[in-house]
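Me: I'd like a close look at a single part of this protein. Here it is, so take your time with the answer.

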Amino acid sequence: MKVCTQTMGRWLRRLKMTRLQPRPYHRRRILRPRWLLKKLPGLVKAALLGSTAGQALEIWFQDEARVGQQDSPEYIWRQSAHAPWRSAITATTRSICSCAVPSRAAGAAIVMPAANSEAMSEHLKEISTQVTPGAHAVLVCDGAGWHQRAGKLEVPDNITLLPLPPYSPELNPMENVWDYLRGNKLSHRVWDTYDAIVQACAEAWRFLMGDPERIRSIATRSWACVNV
């Protein structure tokens, strides 16, 4: 028997279960896509000033996630009178840096021991090899310190960074990619070794890359399309 999500939710509430949200959202989250839809063309033009970009542009989305630490739960149901259950996770962590270009249902990822400028530079090198030859990638990312051009960050010539406004994770489709991967591959798992975490990250990313339609479904945004 198949039932819709709403019906399943009603059944769970009858069992006195409640749904937990893994992270809060900015109170103006509904207005942010409208703002970006109007501002994105100008932001892209400003970001490309001084670059060697040609006419062909690709919009990529980038983000990092830590795997292997005890983090906040995914969307889960729990009994209302009890604290949420979390599986025990080893203290060893790895950071998976990844990005996707929904127009081609493609992506690029690396697994690093930490999220810093060195890891970001290596990730940018990997992304640059996946950009369509002759095209220029506009890489949408958050405002993390290791995403800033000052310091040790090395940005390839065929990539231009485009930072998002502060406190707006809902504008980065990679947040939805992490939710999908954690919900299907990386959540509530226990790894015995450091290498096991790396292997799990690699398998999760290959799982996503093997489903192009899923990438388009998760990462496509109507406002992420510009002509400059």
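Is Phe-207 buried, partly exposed or exposed, and what is its relative accessible area?

Reply: Phe-207 is partly exposed, with a relative accessible area of 32%. On that scale, buried means under 20% relative accessible area, exposed means over 50%, and partly exposed is in between (1.4 Å probe, protein chains only).

A word on where this comes from: this is a predicted model, in which local features need pLDDT of at least 70 and side-chain atom pairs count only at pLDDT 80 or more, while totals for chains, interfaces and linings use all residues. Residues are numbered from 1 along each chain as its sequence is written, and side-chain values use heavy atoms, with hydrogens and water left out.

Now for the ring itself. Rings of Phe, Tyr and Trp (its six-membered ring) pair if their centres lie within 6.5 Å; planes under 30 degrees apart are stacked, over 60 edge-to-face, and the rest tilted. That rule gives 1 aromatic pair. The partners are Tyr-180 and Phe-207, and they are stacked, at 5.9 Å centre to centre with 15 degrees between the planes. Tyr-180 belongs to helix 4 (residues 173-186) and Phe-207 to helix 5 (residues 194-209), so the pair ties together parts that are 27 residues apart in sequence. Helices here are DSSP runs (H or I, at least four residues), strands are runs of E (at least two), and both are numbered from the N terminus.

Phe-207 has a charged visitor as well: the charged end of Lys-185 sits over its ring, 4.7 Å from the centre. To count, NZ of Lys or CZ of Arg has to be within 6 Å of the ring centre and within 35 degrees of the ring normal.

Over on the partner's side, Tyr-180 is buried, with a relative accessible area of 15%. Other buried residues in helix 4 include Pro-173, Met-174, Val-177, Trp-178 and Leu-181, and Glu-175 is buried too. Just after helix 4, His-188 takes a positive phi of about 55 degrees.

To put this corner in context, the protein has 6 helices and 7 strands. From the N terminus on, its elements run α-β-α-β-β-β-β-α-β-β-α-α-α. Of its 228 residues, 41% count as buried. Strand 7 (residues 159-163) is largely enclosed by the rest of the structure, because 4 of its 5 residues are buried.
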